[in-house]
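Subject: Handover of a structure and the findings from it

Dear colleague,

I am handing over the structure below for your attention. Please look through it before reading the notes that come after it.

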Protein chains: 2
Amino acid sequence: MAVQTVDNTTNTPAGTSVNLGPAAALSCRECGEKSPLGPVFACASCFGPLEVAYDLPEGGPEELRRRIESGPNSIWRYAPLLPVPADVAGKPNLNPGFTELVKADNLARELGVTGGLYVKDDSGNPTHSFKDRVVAIAVEAARAFGFTTLSCSSTGNLAGAVGAAAARAGFRSCVFIPHDLEQGKVVMAAVYGGDLVGIEGTYDDVNRFCSELIGDPIGEGWGFVNVNLRPYYAEGSKTLAYEICEQLGWRLPDQIVIPIASGSQLTKIDKGLQELIKLGLVEDKPYKIFGAQAEGCSPVAAAFKAGHDVVRPQKPDTIAKSLAIGNPADGPYVLDIARRTGGAVEDVTDEQIVDAIKLLARTEGIFTETAGGTTLGVAKKLIEAGVIDPALTTVVVNTGDGLKTLDAVAPTTGPTATIRPSLDAFRAAGLAAD
Amino acid sequence: MAVQTVDNTTNTPAGTSVNLGPAAALSCRECGEKSPLGPVFACASCFGPLEVAYDLPEGGPEELRRRIESGPNSIWRYAPLLPVPADVAGKPNLNPGFTELVKADNLARELGVTGGLYVKDDSGNPTHSFKDRVVAIAVEAARAFGFTTLSCSSTGNLAGAVGAAAARAGFRSCVFIPHDLEQGKVVMAAVYGGDLVGIEGTYDDVNRFCSELIGDPIGEGWGFVNVNLRPYYAEGSKTLAYEICEQLGWRLPDQIVIPIASGSQLTKIDKGLQELIKLGLVEDKPYKIFGAQAEGCSPVAAAFKAGHDVVRPQKPDTIAKSLAIGNPADGPYVLDIARRTGGAVEDVTDEQIVDAIKLLARTEGIFTETAGGTTLGVAKKLIEAGVIDPALTTVVVNTGDGLKTLDAVAPTTGPTATIRPSLDAFRAAGLAAD
């Protein structure tokens, strides 16, 4: 366990001191025990997951709000609330975030929402998914700990995000994928010029191999963004909460619908909202958080509906591959948050996912991937069921881009007509009427 | 010629008055004759191309700069300089622009550029190409003229941009493409739910059919963004010039490299730079404009090198399909600008295009399409030839996203290795060394 035995209170593998801004320590989510900042992800006492604890800025909300609003148009405007050094915006990185919060009036009309419906459109990030947010934070942790290689296990989106971020930031990258991925995803992961290794086996085999690598001397100097850098990486999702509230004019939404893969994003959005309340940047008022899964991989929704605290693993079978985690690490925390806030966790079929992708494209001109289709599909289902209140402000999080999951809609999306180039043929096709 | 005979001085097909902000008239680029704002693209006297003439804002550069800087993070911050109403940002549209100007230090090192090298990265637009800029302006013209259907002929990128913009803005769309496009492009064009018509013929056949349609009563109420709305549409490219200068701290770059398809974008970037000088927003100093073509479609480069004023049409044969216009309408204007500013027009082979795509991905984590590969390839060639001065500030314009032209790099982009999930196999693959 080479990289994990380093004493991180004084130095790192490369001997530099750790400056991660307001990040003060790692804290166990289970037993609360504190440990120094370092490339570790599990509590030494109870093996619970570690998260970043902060010394949050003092000086009052007005000063902090001014500081944020005068910052760059990226997640770095929130540097005072993230585990990154204060001068992060000047370092080479992809500057993700501050994506558009689209006021989706056409969609609202179609769904009967009167209280304001918004889509947080993270397809606008550099590699077109929210992964750029989390990877950007992991990169700063990797810099602070003196790592020289960035790595991850991935089924696609994350591989591209790590490859691109490593190229910009000047790291070597070495990314592991199952050997039988679709060619498009392989190209996206390989084009940034880092090492891309196909593993003969399933995604689970890839993960197991990565854990072995971290424990071996070969892995010394390697930062696996979603393993030994996970506590930092995961914090990147807080920026979705910050941006949504700032873009609403420093207001909390009433209801927010978020996809669930590992569940990390949902828990971190809740953490971000709580921080804004604590800092006085938004008014303290109730909000409800809703989680979205595909029926073909719905372990958290199943537990929520059954009233269980424990999430029973499932074998995924859905077109929403970026959400297909059958044993989501943060499932129990998601259940806590949905119940505490008065929200819910729901699932939709693959057919409903495709319908929702088309609905969003048709009404708002946003082409989302299957994860976004899942989230909007669940929002629609919960509005129709009266669980989401149409008279309240609602935000739906779109985490990625339809260009990456073309196969989901291709079989049912094509030309209205194919004709000879003549006005008669056009009239005959019945398209002339306005 | 139904839509073109309307008297646009007083009203439009729908009877609303024309409010396009500072746009005062249309002006012929050949004979200079003025005509009223309307959905026309050719001069009634000499058939020359029309462009928008403005009453540019008064009040001095400081006031204008403040107004722009306090505007939205989209092209609408430049509304005082565009043919759009002052309240454009409040209307439903895709809000493109204000994409990142990336300081490309890794790329600069590799190319030996010491004076500052920047990539204007328009893959960050809503449908991931610069087309969102021009379509957004066309949409406002279509609104002003009372059109209800948005249309275009396209080989891909533009179809998606029009479909998405129409969905958001509440127009019907009807887009025409050659029937044998790749499935990926068809899906991207169709997913927004407008009518998509495959034409049995070449792109030229599609264009001819669209011209017929505009002249027929069927086409009444139709705005073809790149035909009868072209004078407005083309102005969208000026925003690239505005953004580059603002993002450089209200400074002109010394050298700028721009791809050439019809040549419109290059001429409008020059127009935008000239406006900024005239308004006192930037210092008046020399700049050089360089045009980039693919060797397989290089009519403007050939004319430039031969010292001709006339561009001889070519039959395109290149992987840079979005630049494959064999008879570029603005070719002669491009030659004028390259010669006037002391720039050049150059071309690169398909192999050099692919190499440049990979170079940009590897050094900066930006995955560009073939048009961007062409532009960077030409920049590299001109730096190596000593035509572009490495000691001066240089901007390379990236107009689109590599996800749309995966086929260009797929044959030569794949895993470094494919191995069994074991440390021994990893060592044997020679990837363990850092």
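The notes below set out what was found, topic by topic.

Conventions

Residues are numbered from 1 along each chain as its sequence is written, and chains are lettered from A and ligands numbered from 1 in the order in which they are written. This is a predicted model, in which local features need pLDDT of at least 70, side-chain atom pairs count only at pLDDT 80 or more, and totals for chains, interfaces and linings use all residues, while side-chain values use heavy atoms, with hydrogens and water left out.

Confidence

For chain A, the mean pLDDT (the predictor's confidence in each residue, from 0 to 100) is 93, and 96% of the residues reach 70 or more. Residues 1–16 of chain A have a pLDDT below 50; this stretch nevertheless has 35 contacts (heavy atoms within 4.5 Å) in the model beyond near neighbours in sequence.

Annotated domain

In an unreviewed entry, UniProt lists residues 96–400 of chain A as "domain: Tryptophan synthase beta chain-like PALP". UniProt positions are given in the numbering used here, feature names are shortened, and annotations may be inferred rather than shown by experiment. The span is 44% helix and 16% strand, and its end C-alpha atoms lie 13 Å apart. Helices (H or I, at least four residues) and strands (E, at least two) are DSSP runs, numbered from the N terminus.

Cysteines

Over all chains, the structure holds zero disulfides (a disulfide being a pair of cysteine sulfur atoms within 2.5 Å). For C210(A), the nearest cysteine sulfur belongs to C152(A), 7.6 Å away. C210(A) counts as buried because its relative accessibility is 0%; buried means under 20% relative accessible area, exposed over 50%, and partly exposed in between, with a 1.4 Å probe and protein chains only. C31(B) is also in no disulfide, and the nearest cysteine sulfur, that of C43(B), is 3.7 Å away. With a relative accessibility of 42%, C31(B) counts as partly exposed.

Cavities

How many cavities of 30 Å³ or more does the structure hold? There are five. A cavity is a set of points, on a 1 Å grid over the protein atoms alone, where a 1.4 Å probe fits but cannot get out, and lining residues have an atom within 4 Å of a point. Grid points are joined across faces, edges and corners, and a volume is the space filled by probe spheres set on the points.

The largest cavity encloses about 210 Å³ of space. It is lined by 19 residues, of which P126(A), T127(A), Y192(A), K404(A) and F367(B) are the closest to its centre. In chain A, α4 (157–169) and α5 (183–190) each supply at least two residues of this lining; the largest share, three residues, comes from α4(A).

Individual residues

S237(B) sits in the loop between α7 (230–235) and α8 (238–247) of chain B, and is buried, at 1% relative accessibility. Leaving out residues up to four places away in sequence, S237(B) touches F130(B), V134(B), Q265(B), K268(B) and I269(B). K268(B) is 31 residues from S237(B) in sequence, yet the two are 5.6 Å apart, C-alpha to C-alpha.

Although F98(A) is not a glycine, its phi is positive, at about 50°. F98(A) belongs to the loop between α1 (61–69) and β4 (101–103) of chain A and is buried, with a relative accessible area of 19%. W250(B), likewise a residue other than glycine, has a positive phi near 55°. The loop between α8 and β10 (255–259) of chain B holds W250(B), which is buried at a relative accessible area of 12%.

With kind regards

Terms used:
On a 1 Å grid over the protein atoms alone, a cavity is a set of points where a 1.4 Å probe fits but cannot get out, and a pocket is an open set with protein on both sides within 12 Å along at least five of seven lines; lining residues have an atom within 4 Å of a point.
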